[in-house]
Amino acid sequence: MNTLLLIGTRIVIIALIGYSIGIFIEQRKRKVTVTVLTALTIGVIFDITATIFMIIGSPNSPFTIHGFLGYSALLGMLIDTILVWRFFLRTGEPIHVPHSLHIYSRIAYGWWVIAFVSGGLMVMLKG
């Protein structure tokens, strides 16, 4: 594996940790807290960074099935993070999130985890 892909792989693990912390806290408490906002924002920043490293470092076209799965998962988490921030900025305090946002967060995170696992499986099956 080349250096850029290796760096991207390590960075995406940090994104996984950020997303996981943010989503698990939100799902458990059903509230948006500063910790949730921080974790999701860190997840998005590191996810975008990892995606850039992987696109630059990959000898393959960025338009693969895994690529589209990953881009759609990143977009889903970006939208979730924007919605969570918007909700928090409107309310200004940690209150219960609407059911629709609660469910969307769960679905977006699940989709992202599927993309994450599929990338790992591709590397394992290839090597």
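Helices here are DSSP runs of H or I with at least four residues, numbered from the N terminus. The model is predicted. On this assignment, α1 and α2 (34-57) each supply at least two residues of a nonpolar patch.

The patch lies on the surface and consists of Leu4, Ile7, Ile48, Ile52 and Ile56. Together these residues expose about 410 Å² of accessible area. The largest share, three residues, comes from α2. Ile7 belongs to helix α1. Its relative accessible area is 33%. Ile7 therefore counts as partly exposed, a class that lies between the 20% and 50% limits.

Helix α4 was examined next. It comprises 28 residues. From its first C-alpha to its last it reaches 41 Å, close to the 40 Å expected at 1.5 Å a residue. The buried residues of α4 are Leu101, His102, Ser105, Ala108, Tyr109, Trp112, Ala115, Ser118 and Gly119. These buried residues pack against α1, α2 and α3 (65-91).

Aromatic contacts add detail to this picture. With ring centres required to lie within 6.5 Å, the count comes to five aromatic pairs. One of the pairs joins Tyr19 and Trp112. Their ring centres are 4.9 Å apart and their planes stand at 75°, so the pair is edge-to-face. Tyr19 lies in helix α1 (residues 3-29), whereas Trp112 lies in helix α4 (residues 99-126). The pair therefore ties together parts that are 93 residues apart in sequence. Both rings belong to buried residues: Tyr19 has 0% relative accessibility, and Trp112 has 3%.

Trp112 also forms an aromatic pair with Phe116. This pair is stacked, at 5.6 Å centre to centre and 20° between the planes. Trp112 and Phe116 both lie in helix α4. They are four residues apart, about one turn of the helix. An α-helix has 3.6 residues a turn, so residues three or four places apart point the same way. Phe116 has 27% relative accessibility and so counts as partly exposed. Trp112, in contrast, is buried.

Ring pairs thus link Tyr19, Trp112 and Phe116 into a cluster. Within the cluster, Trp112 takes part in the edge-to-face pair with Tyr19 and in the stacked pair with Phe116.

Key
Residues are numbered from 1 along each chain as its sequence is written. This is a predicted model: local features need pLDDT of at least 70, side-chain atom pairs count only at pLDDT 80 or more; totals for chains, interfaces and linings use all residues. Side-chain values use heavy atoms; hydrogens and water are left out. Rings of Phe, Tyr and Trp (its six-membered ring) pair if their centres lie within 6.5 Å; planes under 30 degrees apart count as stacked, over 60 as edge-to-face and the rest as tilted. Buried means under 20% relative accessible area, exposed over 50%, partly exposed in between (1.4 Å probe, protein chains only). Patches are made of residues with over 30% relative accessible area and no salt bridge: like charges are joined within 9 Å, nonpolar side chains (Val, Leu, Ile, Met, Phe, Trp, Tyr) within 5 Å. Accessible areas come from the Shrake-Rupley method with a 1.4 Å probe; for residues, only the protein chains shown count as cover. A salt bridge is a side-chain nitrogen of Lys or Arg within 4 Å of a carboxyl oxygen of Asp or Glu. The expected span of a helix is 1.5 Å times one less than its number of residues. Contact means heavy atoms within 4.5 Å.
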